[in-house]
Amino acid sequence: MLFDLRSVSGILLVIAAVGCGPSHPPVLPITGLVTLDDQPLEQGSLIFEAPGQRPATGKIKAGAIVEMTTFDHNDGVPLGEHKVAIFVVKEDYAYVTPENPGVSSGSSNMQVTSLIPQRYNDPTTSGFTASVTSEGENHFEFALNSKK
């Protein structure tokens, strides 16, 4: 009987050890700067996308890249080669009123307008990439141009 308890205890320890490891690929914090026409971008958001990985999303505040999140809030970006998309949008809500017939009362329509050239909104057309590695500082700078 004592032998059986040791075996069961050993099996439980192995299961607990395996269960304590990360359940997702490693992520790392990054820093960065986003400018538009050589001026820090006041606000916005961005996405880092790498093939076969969950995208990381973050915010831009006063030009700085902050709160990059992949699995948990502000946990960072997965290792790898990423394509990057940047968004600065204006959201307008068009509420239905008696003067605006055609839509049932109480509903609204949201219109989103990009405040930067739309090519930056797509990681395949933005021209921005980032290599997140376990070595190095993982600092990235993205210079947007409103004229191009």
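The following paragraphs lead through two surface features of this predicted model, a nonpolar patch and a small set of salt bridges.

On the nonpolar side, Val89, Tyr93, Met110 and Val112 together form a patch on the surface, and the accessible area that these residues present together comes to about 370 Å². Two elements, strand E9 (89-95) and strand E10 (108-114), each give two or more residues to this patch. Met110 may serve as an example from the patch, since its place is in strand E10. With a relative accessible area of 46%, Met110 is partly exposed, and because membership of a patch requires over 30% relative accessible area, that value of 46% lies on the admitted side of the cut-off.

The charged side chains offer a second point of entry, for the count of salt bridges in the model comes to 2. In one of them the side chains of Lys59 and Glu67 meet, with a nitrogen-to-oxygen distance of 3.4 Å, while Lys61 forms a salt bridge with Glu67 in which the closest N and O atoms are 3.5 Å apart. Both distances satisfy the rule because a salt bridge is assigned when the lysine nitrogen lies within 4 Å of a carboxyl oxygen of the glutamate.

As for their surroundings, Lys59 is partly exposed at a relative accessible area of 38%, Lys61 counts as partly exposed at 44%, and Glu67 is likewise partly exposed, with a value of 24%. Through the partners that these salt bridges share, Lys59, Lys61 and Glu67 are joined into one network.

Note on methods. Residues numbered from 1 in each chain as written. Predicted model: local features only at pLDDT ≥ 70, side-chain atom pairs only at ≥ 80, totals over all residues. Heavy atoms only, no water. Patch = residues over 30% accessible without salt bridge, like charges linked within 9 Å, V, L, I, M, F, W, Y side chains within 5 Å. Areas by Shrake-Rupley, 256 points an atom, 1.4 Å probe, with all protein chains shown as cover. Helix = DSSP H or I, 4+ residues; strand = E, 2+ residues; numbered from the N terminus. Buried < 20%, exposed > 50% of the residue type's maximum accessible area, 1.4 Å probe, protein only.
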